[in-house]
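Please open the model in your viewer and keep the sequence panel beside it. The tour below moves from one selection to the next and says what is to be found at each stop.

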Amino acid sequence: MRPLTAGLAAGLAALLVLSACDRGGETSGAASNAAPDRGDDGAVVASTSEDHLADWLSPTDGTDPARWLAGREAGHPLPADAAAVRELREALDRARSAFVEDKRMIANRTVQLGQMLSEIGKTESYRSLIDGLGGIASVRGRHKSLYGEMCQHYYNTRSQGADHAAALARLEARERPDIAAPERPREPEKQPGGQP
């Protein structure tokens, strides 16, 4: 068998990293966050602890992404009817229609982006991140955007010194080039011999 080339090895490594991202916080500590419960039909279902917020929402986690996100931002769990939870639920609903990812992944990526911004001293509320990026993506109509990709571009722009509004403006120009450089009227084509 031939040894793997560097490109193939890098590609496999990237796939492993991406698949790990989709698992959320499925670590040995994740099991301690869930307690079995009995559903109406007697089957065992997982429920999350009301006094602990998981680091990440896993694909099998039944936690409301808006409630988890609001609790993460507040630093403690919040009731499902709290104003912050309702506001984030509405923001996630709007964003979901503009992005490929589901609400759980949008919530996970928002927390990840928030942590990265905090590390460089540029904190933003989760709602302003979701609404800002979602507003840009919504102009694409049925052509949905990738939230994770937009988060990375937003972070890169912020790390270069742009504030929130400037970073969103640059992203919008990237998503809609017609905003950055409006179309100029076309010049008439020249005919052979130099005449228009």
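Select Arg158 and Glu124 to begin: in this predicted model, their side chains meet in a salt bridge, 3.0 Å from N to O (a salt bridge being a side-chain nitrogen of Lys or Arg within 4 Å of a carboxyl oxygen of Asp or Glu). Arg158 belongs to helix 7 (residues 147-159) and Glu124 to the loop between helix 5 and helix 6, so the pair ties together parts that are 34 residues apart in sequence; helices here are DSSP runs of H or I with at least four residues, strands are runs of E with at least two, and both are numbered from the N terminus. Arg158 is buried, at a relative accessible area of 5%, whereas Glu124 is partly exposed, at 23% (buried means under 20% relative accessible area, exposed over 50%, and partly exposed in between, with a 1.4 Å probe and protein chains only).

Residues are numbered from 1 along each chain as its sequence is written. As this is a predicted model, local features need pLDDT of at least 70 and side-chain atom pairs count only at pLDDT 80 or more, while totals for chains, interfaces and linings use all residues, and side-chain values use heavy atoms, with hydrogens and water left out.

Stay with Glu124 and display its surroundings. The loop that holds Glu124 runs between helix 5 (103-119) and helix 6 (126-138). Setting aside residues up to four places away in sequence, Glu124 touches Glu73, Leu117, Leu129, Tyr154, Arg158 and His164, where a contact means heavy atoms within 4.5 Å. If you draw a C-alpha to C-alpha distance from Glu124 to Leu113, eleven residues apart in sequence, the viewer should give 9.4 Å.

Next, select Thr157, which also lies in helix 7. Is Thr157 buried or exposed? At 11% relative accessibility, Thr157 counts as buried. A polar atom of the Thr157 side chain lies 2.9 Å from the backbone oxygen of His153, and, residues up to four places away in sequence not counted, Thr157 touches Ala162, Ala167 and Arg170.

How many salt bridges does the structure hold? There are seven, and another one to select is that between the side chains of Arg89 and Asp64, at 2.5 Å from N to O. This pair links distant parts of the chain, with Arg89 in helix 4 (residues 83-96) and Asp64 in the loop between strand 2 (44-48) and helix 3 (65-74), 25 residues apart. Arg89, at a relative accessible area of 27%, is partly exposed, and Asp64, at 25%, is also partly exposed.

Move on to helix 6 and select Asp131 and Arg127, whose side chains meet in a salt bridge of 3.3 Å, N to O. Both residues lie in helix 6, four residues apart, about one turn of the helix. Asp131 is partly exposed at 27%, as is Arg127 at 34%. Add Glu87 and Arg94 to the selection, and you have a network of salt bridges that links Glu87, Arg94, Arg127 and Asp131.

Now turn to the interior. The largest nonpolar core has 35 residues, and those with the most contacts inside it are Leu69, Phe99, Leu113, Ile130, Leu133 and Tyr154; such a core is a set of buried Ala, Val, Leu, Ile, Met, Phe, Trp, Tyr and Cys residues joined through side-chain atoms within 4.5 Å. The elements that give two or more residues to this core are helix 3, helix 4, helix 5, helix 6, helix 7 and helix 8 (164-175), and the largest share, six residues, comes from helix 6. Centre the view on Leu69: neighbours within four places in sequence aside, Leu69 is in contact with Leu88, Leu92, Ala107, Thr110, Val111, Tyr126 and Ile130.

Follow helix 5 from end to end. Its buried residues include Ile106, Ala107, Val111, Leu113 and Leu117. Just after helix 5, Gly121 takes a positive phi of about 75°.

Finally, colour the chain by pLDDT, the predictor's confidence in each residue from 0 to 100. The chain averages 76, and 62% of the residues score at least 70. Confidence is lowest in helix 2 (residues 30-33), at a mean of 37, and highest in helix 5, at 97. Over residues 1-49 the pLDDT is below 50, and this stretch has 36 contacts in the model beyond near neighbours in sequence; over residues 180-186 the pLDDT is likewise below 50, with one such contact.

Definitions and conventions:
A polar contact is a pair of N or O atoms within 3.5 Å; within protein, one must be able to donate a hydrogen and the other to accept it, and residues adjacent in sequence count only if both atoms are side-chain atoms.
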